[in-house]
Amino acid sequence: MERAILVSADIGEYDCEISVDELSELAKTAGAEEVARVIQKREAYDSATVIGEGKLAEVKELCQKLEASLLIFDHELTASQIRNIEDETDVRVIDRTMLILDIFAGRAVSREGKLQVELAQLRYRLPRLMGIGASLSRLGGGIGTRGPGETQLETDRRHIRRRIDKLAEELKELEERRGYSRKRRKKDNVQVGAIVGYTNAGKSTLLNLLTGAGVLAEDKLFATLDPTSRAIELPDGRSLLLVDTVGLIRRLPHHLVEAFKSTLEEAACADIIIHVCDVSDPDAAEKARVTLSTLADLGAAELPVVTVLNKCDKISEDIPEDETTVKISALKNEGIDRLLATIAHNLPQTSRRMKLLLPYDKAGLLSVIRENGKIFSEEYTENGIQVEALVDIMNIKQMQEYSC
């Protein structure tokens, strides 16, 4: 396990303490041990080393004293900044984005996930080759160096650009296929619910509970990266395809947003958003704001949202529920029935559960119902065919006179 010192310059852009706490969680997820953190209040970033010569000398001394092998900066660094800091401290340097990319590289499972990660890594590293090259030659591995071939990153810019073009082309093909799948779902009247939320809020645990999907769920940031889809049946008989999306995070690097756009667009193209919040987190409100802001940027601001206050078993205070807010504990299987009922209530109406008595000369209507809906039961009686069915909204008017 690498011994890491976390470094940040606080110029008042955001809450630095909270951001570094999150950086610590990211470092832990990547397999590093935090041995110290250094935060310097400044009016502006130092152009050469971010934190300035005096503070950098302190960091160098701290590295020697604590035998740290890695410096993780809570900012995006330029190639020259990486080189300057490493030359001064003789310790490998990565930044917040490189750390997140490294975690993504270790977590991607599907072909699309791996392509997206590699594309994001290459786009980020290309303008920083000089600084990163020195880093890679210094230790030859470790956190921040997983992914595409590092020797190529140092020596062959043209190769990298060709690889970027090829990856972008492959991802475009996969995105087109994803688009066809969405169109087919719309045509088949399949409704989609996107499970979204801050990373580590409990999205995968909830998906596993509702569907038995078997998705990796652990107490780490970005435990799951590849989207998973599973169908569930709601209390009113409608089917809903649940899609688990990649977890969001503060200051999500734009390289990642761009690379994972097709995956994140699953949320924008859904019929309903299921927003999972870790209600036991003291910073839950701010994390919810980050999630909703990212969704708005993706064009999902107008979609109906069900807010799921997860991990309610960890808090003692009573939080009120309403028509769009539900308290649950996915781990303890509490509040799930109310959650499903709330999703059904807020899901746009495309069909209705009806009890019908069809005259025998109207038996042909059964095939109309089956074509776009679902029949739960049918019984042939003296007076006609008694049917309980989920009727498509287009056929409700036609069936209304046979309702019982």
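Here are three short exercises on salt bridges in this structure, each with a worked solution.

Before you start, this is a predicted model, where local features need pLDDT of at least 70, side-chain atom pairs count only at pLDDT 80 or more, and totals for chains, interfaces and linings use all residues. Residues are numbered from 1 along each chain as its sequence is written, and side-chain values use heavy atoms, with hydrogens and water left out.

**Exercise 1.** Find out how many salt bridges the whole structure has.

*Solution.* Start with the rule: a salt bridge is a side-chain nitrogen of Lys or Arg within 4 Å of a carboxyl oxygen of Asp or Glu. Now search the whole structure, and you get 20 salt bridges.

**Exercise 2.** Work out whether Lys-311 and Asp-278 are buried or exposed, and where they lie.

*Solution.* First, check the pair: their closest N and O atoms are 3.4 Å apart, a salt bridge. Next, place them: Asp-278 is in strand E8 (residues 272–278), while Lys-311 is in the loop between strands E9 (305–310) and E10 (325–327), so the pair ties together parts 33 residues apart in sequence. (Strands, E, are DSSP runs of at least two residues, numbered from the N terminus.) Last, the cut-offs: buried means under 20% relative accessible area, exposed over 50%, partly exposed in between (1.4 Å probe, protein chains only). Lys-311 has 16%, so it counts as buried, and Asp-278, with 15%, is buried too.

**Exercise 3.** Describe the salt bridge between Glu-34 and Arg-37, and the network around it.

*Solution.* The closest N and O atoms of Glu-34 and Arg-37 are 2.9 Å apart. Glu-34 is partly exposed at 29%, and Arg-37 is partly exposed at 31%. Finally, add Asp-21: a network of salt bridges links Asp-21, Glu-34 and Arg-37.

Note on methods
Helix = DSSP H or I, 4+ residues; strand = E, 2+ residues; numbered from the N terminus.
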